[in-house]
Amino acid sequence: MIEAVPDRLDGSPRQLRRFWSDEFKATAVEQACQPGVNMSAVARQIGIRPAQLYRWRRELLGSDDPGQAAAAVDPQSVAPDPEPVVEIVISGIVVRAGRHVEEAHLQRIIRAVRSA
């Protein structure tokens with residue numbers, strides 16, 4: 001015969017819930033909605049599950065579509081990109097390049113702008 005012990009049936013031990021400020025949530029959603037950014041990678045980077053970040057986006061922006069969410073983000077509230085950017089002005093056209101741009105690719109772009 002097996003005896004049931006009530007303490008074992010209560011389930012897993014209670015863990016402390018983490019609470020995130022609205023400002024933190026908004027910043028995380030803004031980061032995740034930038035073009036070319038992987039939302040799951042952003043979630044892992046800040047120590048939450050991707051599903052949580054998707055829920056915050058849905059709550060803050062009312063959309064599951066990242067393109068629509070990025071358009072809804074206020075440009076004034078977005079923090080500046082920490083990556084240094086080089087700006088090259090050719091005949092009034094501004095070419096911006098980050099540090100991860102390959103030299104050959106940048107040369108092709110400059111040639112194309114000069115020939116335009």
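**Entry 1: the strands.** I began with the strand pairing, where six bridges join strand E1, residues 85-90, to strand E2, residues 93-98, and the two run antiparallel. I note at the outset that this is a predicted model. I then looked up the partner of Ile 90 and found that its bridge leads to Ile 93 in E2. In the hairpin that E1 and E2 form, two residues stand between the strands, and Ser 91 takes a positive phi near 50 degrees.

**Entry 2: the chain as a whole.** I counted the elements next and have six helices and two strands for the protein chain. Read from the N terminus on, the order is α-α-α-α-α-β-β-α. I also looked up burial, and of the 116 residues of the protein chain 18% count as buried. For the contacts between residues at least 6 apart in sequence, I have 33% joining residues at least 24 apart.

**Entry 3: H2 against H4.** How do the axes of helix H2 and helix H4 cross? I find that the axes of H2 (residues 22-32) and H4 (residues 50-61) come within 9 Å and cross at roughly 100 degrees. Because angles of 65 to 115 degrees count as roughly perpendicular, I enter H2 as roughly perpendicular to H4. From H2, the residues that meet H4 are Phe 24, Lys 25, Ala 26, Ala 28, Val 29 and Ala 32, and on the H4 side I list Leu 53, Trp 56, Arg 57, Leu 60 and Leu 61. By class, the residues of this contact of H2 with H4 divide into nine nonpolar, two charged and no polar.

**Entry 4: the core.** Which residues make up the largest nonpolar core? I wrote down ten of them, namely Ala 28, Val 29, Ala 32, Cys 33, Met 39, Val 42, Ala 43, Ile 48, Leu 53 and Trp 56. At least two residues of this core are supplied by each of H2, H4 and helix H3, which spans 39-46. I then followed Ile 48 and, leaving aside its neighbours within four places in sequence, found it in contact with Arg 18, Trp 20, Ala 43, Leu 53 and Trp 56.

**Entry 5: Glu 59.** I closed with Glu 59, which lies in helix H4. Is Glu 59 buried or exposed? Its relative accessible area is 53%, and since exposed means over 50%, I record Glu 59 as exposed. I also checked Glu 59 against Lys 25, and the two are 34 residues apart in sequence while their C-alpha to C-alpha separation in space is 10.0 Å.

Terms used: Residues are numbered from 1 along each chain as its sequence is written. This is a predicted model: local features need pLDDT of at least 70, side-chain atom pairs count only at pLDDT 80 or more; totals for chains, interfaces and linings use all residues. Side-chain values use heavy atoms; hydrogens and water are left out. Two strands pair if DSSP finds at least two bridges between them. Helices (H or I, at least four residues) and strands (E, at least two) are DSSP runs, numbered from the N terminus. Axes are lines fitted to C-alpha atoms, for helices over the stretch in contact, and angles run from 0 to 180 degrees between N-to-C directions. Angles under 35 degrees count as roughly parallel, over 145 as roughly antiparallel, 65 to 115 as roughly perpendicular and the rest as oblique. Contact means heavy atoms within 4.5 Å. Ala, Val, Leu, Ile, Met, Phe, Trp, Tyr, Cys and Pro count as nonpolar, Asp, Glu, Lys and Arg as charged, and the others, Gly among them, as polar. A nonpolar core is a set of buried Ala, Val, Leu, Ile, Met, Phe, Trp, Tyr and Cys residues joined through side-chain atoms within 4.5 Å. Buried means under 20% relative accessible area, exposed over 50%, partly exposed in between (1.4 Å probe, protein chains only).
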